[in-house]
Amino acid sequence: MNLDFSPEEKQFQQEVRSWMQANVPTQKKPGAMGYHSRDDQMAWEQLLGKQGWLASNWPTEFGGPGWNATEQHIFDEERAAAGGAITSPFGLTMLAPVLMKFGSPAQQERFLPKIAKCEELWCQGYSEPGAGSDLASLKTAAIRDGNEYVVNGQKIWTTQGHWADWIFCLVRTDNEGRKQQGISFLLIDMKTPGIEVRPIHTIDGEHHLNEVFFTDVRVPAENLVGEEGQGWTIAKYLLSHERTCIAGVAGSKAGIEGLKKLLANTPTETGTRLDDPTVRQRIAELEVDLMALEFTNFRTLDKMAKGQPPGAESSGLKIKGTELQQALTEARVELGGDDSLPWHNEEEIGHAEYNNASLAYNFLRASTIYGGSNEIQKNVIAKFLVAL
Ligand SMILES: Cc1cc2nc3c(=O)[nH]c(=O)nc-3n(C[C@H](O)[C@H](O)[C@H](O)COP(=O)(O)OP(=O)(O)OC[C@H]3O[C@@H](n4cnc5c(N)ncnc54)[C@H](O)[C@@H]3O)c2cc1C
């Protein structure tokens, strides 16, 4: 297996690198979760959209650049290395593949172009207070009334719910039969009367998450994706895409490089902190794990680029990717010395500034929970192996 880039790929890499150097906003760095504020995030994504690079994993027939797995990998790596914010995944990498496979032509035409240009932001309404790992127990009800559904219930942990223009929701349209059978997939405009968004503040002190309440929310029946009762099949298809993008290979790579740079610039009596054999050992262990994750991610991206949905390997990517993110942020905080304090010294730099290293450390404790907890991913892999 030849892992070197071809001359064409190297040329592509140079093109992306130059564009990133010229266009990544340098004034405002992304926050702990990897995003800017809503307006800055939209401006960044719209810039990528103008370049035709926002919907980087979409096929050309839906307006994507039609990149193969290597090109996607190069793009993501160059974005992260240049310090460019991650893109909000809810529309681009979760809903879009669902609409391409299960959506009507009218839904594809209405929603996909606006996602590809970041004219509308989406959020994900799956989890409920009594339905997280046991997602099929969800209770938010959608009752058909003429040409509309009337939605009542509550979602929780809704990332970017306070930013979103739209939410894709799993709702219960039937209480008969197995609980998985009565679930449907509905697209709901967040401006519809009867929707209330309440913030949840996380351990990093920021506001990423929300509770979303629905009281007699009237949703046009044309916003149902697929058929009534097909929601569970669609939900599983979407989750495999979500878990693949949670692996965060490019971000971890940039994180390790950043840590090495910091240590190489921290002098000791005999050299720099990066010369310390115990420090080198710890970084080498992270790099070995990252390399293994990268190869697995490559294989999965290649499968997806050939039009095959990622299977149980997306669960493996989610487990290893999030464990690595946690190990890396732990190393960053433990080895970073006073550069790991939650805020920078105001007198030294002239203004108060949060330190992303410790905010990311705090926030990423949740990474083994979101996108389906890692324990549940191990169950998915076990079931897959038993079925072989
Ligand atoms: C930061 C963050 C962002 C999120 N964003 C979103 C979002 O945008 N949209 C959305 O819909 N949801 C979101 N979630 C919700 C997330 O998907 C759920 O938190 C997750 O699925 C776990 O569900 P739960 O919190 O109800 O925990 P529970 O299901 O109650 O699980 C509690 C513990 O029990 C373990 N457990 C449960 N069942 C089993 C089992 N069968 N075998 C072994 N162990 C088990 C779990 O692993 C966990 O450790 C987010 C969560 C977080 C923390």
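1. A backbone N or O atom of Gln124 lies 2.9 Å from a nitrogen atom of the ligand. Keep in mind that this is a predicted model. Trp157 also uses its backbone: one of its N or O atoms sits 2.8 Å from a ligand nitrogen. Asn379 approaches through its side chain instead, with a polar atom 3.2 Å from a nitrogen atom of the ligand. Taken alone, the ligand exposes 970 Å², and the protein buries 66% of that.

2. Which residues come nearest to the ligand? They are Ser133, Trp157, Thr159, Ser373 and Glu375, out of 20 residues around the ligand. Trp157 is thus one of the nearest residues and also offers the backbone atom at 2.8 Å.

3. The make-up of the shell is worth a look. Nine of its residues are nonpolar, ten are polar and one is charged. Two domains supply the shell with at least three residues each: domain 2 (122-229) and domain 3 (247-387). Which helix gives the most to the shell? Helix 12, residues 374-387, does, with three residues.

4. Helix 8 deserves its own point. This helix covers residues 277-305, 29 residues in total. From first C-alpha to last, helix 8 reaches 41 Å. That is close to the 42 Å expected at 1.5 Å a residue. Just after helix 8, Gly307 takes a positive phi of about 85°.

5. What does helix 8 bury? Its buried residues include Val279, Ile283, Leu286, Leu290 and Leu293. Phe298 and Leu301 are buried as well. The list also holds Glu294, Asn297 and Thr300.

6. Now Gln154, in strand 3 (residues 148-156). Is Gln154 buried or exposed? Its relative accessible area is 19%, so Gln154 counts as buried; the cut-off is under 20%. The side chain of Gln154 has a polar partner: a contact of 2.9 Å joins it to the side chain of Glu211.

7. Arg38 belongs to helix 2, residues 38-50. Why does Arg38 count as partly exposed? Because its relative accessibility is 25%, and partly exposed is the class between under 20% and over 50%. How far apart are Arg38 and Gln160? In sequence, 122 residues separate them. In space, their C-alpha atoms are 8.8 Å apart.

How values were computed:
Residues numbered from 1 in each chain as written. Predicted model: local features only at pLDDT ≥ 70, side-chain atom pairs only at ≥ 80, totals over all residues. Heavy atoms only, no water. Near = heavy atom within 4 Å. Polar contact = N/O pair within 3.5 Å; in protein donor to acceptor, adjacent residues only side chain to side chain. Areas by Shrake-Rupley, 256 points an atom, 1.4 Å probe, with all protein chains shown as cover. Helix = DSSP H or I, 4+ residues; strand = E, 2+ residues; numbered from the N terminus. Nonpolar A, V, L, I, M, F, W, Y, C, P; charged D, E, K, R; others polar. Domains from an automatic or database assignment. Expected span 1.5 Å × (residues − 1). Buried < 20%, exposed > 50% of the residue type's maximum accessible area, 1.4 Å probe, protein only.
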